[in-house]
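Subject: Structure for your files

Hello,

Here is the structure I said I would pass on. My notes follow below it.

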Amino acid sequence: MKKISFTEFGGPEVLRLVDAEEPHAGPGQVRIAVRAAGVNPVDWRIREGQKLGAHPVELPAGVGLDAAGVVDELGEGVDGVRIGDPVFGEGVDTYAEFAVLTAWARIPEGLTFEEAAGYPSVVETAVRIIREVGVEAGQTLLVSGASGGVGSAVLQIARDRGITVIGTAGAANQDYLRGLGALATTYGEGWVERVRQLGQVDAALDLAGSGVLAELVALTGNPEKVITIADLGAADYGVRFSGVAGSVPDALAAAADLIARGKLHIPVDKAYALPDAAAAHADSQAGHTRGRRVILV
Ligand SMILES: NC(=O)c1ccc[n+]([C@@H]2O[C@H](COP(=O)([O-])OP(=O)(O)OC[C@H]3O[C@@H](n4cnc5c(N)ncnc54)[C@H](OP(=O)(O)O)[C@@H]3O)[C@@H](O)[C@H]2O)c1
């Protein structure tokens with residue numbers, strides 16, 4: 001099969017389309033014929049060699065955590081899914097013709113493979129951080145960096161739960177945020193005052209890692225009501241860094257339910273062919289994705 005791989009850490013140019021052995025589903029896993037893979041910032045952080053987890057990345061390495069496709073192999077002990085089912089989920093090395101998933105759900109009616117590939121990691125992250133920050137119906141959540149993949153999911157899940165959201169994004173994404181039900185303002189000089197004018201903030205999420213934790217603590221009045229997923233300086237402000245992916249096993253099923261009820265829709269900003277994975281990474285690294293970028297296989 002064809003897959004995207006890299007043999008040294010570096011820029012997007014280290015990504016190569018190569019011939020590789022097909023992977024196989026182990027116990028509790030499924031294998032899919034991949035139709036589309038989601039592009040996440042963590043994909044290019046790993047490609048750059050950033051130290052993200054306890055386990056070092058072994059070279060040569062594949063790329064990608066999210067995918068949508070058709071189940072073509074069931075691992076031992078797997079039930080509730082059949083060969084030929086369309087699913088979306090999380091696994092490893094998903095920029096490839098075949099990939100093994102460790103968590104999945106059936107793709108809801110009406111969602112294309114291209115759209116479905118954009119959901120898994122961002123929905124898992126959104127459900128996790130809304131829970132961890134402890135915000136409830138009737139309260140107001142501030143989301144810094146709200147127009148990207150995680151932000152798009154957070155805004156809609158929060159709206160469904162009766163939480164008011166104030167989101168910050170670039171000037172070009174103000175109407176996008178409002179369309180997702182949020183109060184919107186731009187980041188950049190004067191943003192704290194603009195947020196104060198929109199309302200009192202009960203809890204805050206930093207999704208962009210743009211050096212705003214001191215301001216988020218000031219706006220909420222309590223570091224325990226602030227969570228970041230992108231600022232490694234969190235501890236300096238008494239703020240929690242949330243980083244344990246896969247900690248919400250039911251997130252995909254919850255997402256499928258929200259999608260089926262018309263409560264969650266994350267647009268695809270741009271789709272790329274598998275050989276163009278390097279361009280997808282370069283565009284993602286530019287830091288201004290509206291919704292999601294995906295790779296078509
Ligand atoms: N720890 C975890 O579990 C975890 C999980 C998922 C993601 N992450 C990390 O979280 C970050 C966001 O992920 P994502 O998938 O949502 O990324 P993304 O889709 O690339 O979105 C990035 C967003 O950041 C916004 N942005 C850029 N500069 C900003 C600034 N100065 N202030 C506020 N917002 C700004 C952009 O908005 P405009 O286009 O409107 O400028 C864009 O919408 C990444 O760093 C990723 O690595 C961590």
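Which residue in E6 is the bridge partner of Asp66? It is Glu90. That pair belongs to a ladder in which strand E5 (residues 66-74) and strand E6 (residues 86-92) run antiparallel, joined by 5 bridges. Before the rest, two remarks on the basis of these notes. The model is predicted, so local features are given only where pLDDT is at least 70 and side-chain atom pairs only at pLDDT 80 or more, while totals for chains, interfaces and linings use all residues. Residue numbers start from 1 along each chain as its sequence is written.

Overall form

The chain has 9 helices and 15 strands; these are DSSP runs numbered from the N terminus, with helices being H or I of at least four residues and strands E of at least two. Its C-alpha trace spans about 55 × 40 × 35 Å along the principal axes. The radius of gyration is 19 Å, which agrees with the value near 19 Å expected of a compact globule because the chain has 297 residues. That radius is taken over C-alpha atoms, and the globule rule is 2.2 Å times the number of residues to the power 0.38. Of the 297 residues, 49% count as buried, meaning that 20 or more other C-beta atoms lie within 10 Å of the residue's own; 12 or fewer make a residue exposed, anything in between partly exposed, and the C-beta atoms are placed from the backbone. Among contacts with a separation of 6 or more, 65% join residues 24 or more positions apart. A contact here requires C-beta atoms, placed from the backbone, within 7 Å.

Domains

The assignment gives domain 1 (2-118 + 266-296) and domain 2 (123-241); the bounds come from an automatic or database domain assignment. Their centres, taken over C-alpha atoms, are separated by 27 Å. To the contact between them, domain 1 gives 7 residues and domain 2 gives 8. On the domain 1 side, the touching residues are 1 nonpolar, 4 polar and 2 charged. In that count Ala, Val, Leu, Ile, Met, Phe, Trp, Tyr, Cys and Pro are nonpolar, Asp, Glu, Lys and Arg are charged, and the others, Gly among them, are polar.

Ligand shell

There are 32 residues around the ligand, of which Pro41, Gly145, Gly148, Gly170 and His288 come nearest. A residue is near when its C-beta atom, placed from the backbone, lies within 6 Å. The shell is made up of 11 nonpolar, 20 polar and 1 charged residues. Each of the two domains, domain 1 (2-118 + 266-296) and domain 2 (123-241), contributes at least three of them. At least two shell residues come from each of helix H1 (41-48), helix H3 (120-133), helix H4 (149-160) and strand E9 (164-169).

Antiparallel strands

Besides its pairing with E6, E5 is joined by 8 bridges to strand E3 (residues 30-39), again antiparallel. In this ladder Ala33 stands opposite Val70 of E5. Strands count as paired if DSSP finds at least two bridges between them. An open antiparallel sheet of 3 strands has the order E2-E1-E4. Strand E2 (16-19) and strand E4 (61-62) are at its edges with a single partner strand each, so one side of each has no neighbour in the sheet. Strand E1 (residues 2-6) is paired with E4 over 2 bridges, and Ser5 has Gly62 of E4 as its bridge partner.

Parallel sheet

Another open sheet has 6 strands, paired in parallel in the order E10-E9-E8-E11-E12-E13. Strand E10 (183-186) and strand E13 (240-241) are the edge strands, each pairing on one side only. Strand E8 (residues 140-144) is joined in parallel to strand E11 (residues 203-206) by 4 bridges. Leu141 has Ala203 of E11 as its partner, and Ser144 stands opposite Asp206. On its other pairing, E11 runs parallel to strand E12 (residues 226-228) over 3 bridges, with Val226 as the partner of Ala204. E11 is covered on both faces: Ala203 and Leu205 are buried on one side, Ala204 and Asp206 on the other.

Ala158

Ala158 is a residue of helix H4. It counts as buried because 25 C-beta neighbours lie inside 10 Å. Leaving out residues up to four places away in sequence, Ala158 touches Ile130, Leu141, Ile163 and Val165. Its C-alpha atom is separated by 22 Å from that of Gly38, 120 residues apart along the chain.

Regards

Methods: Contact = placed C-beta atoms within 7 Å.
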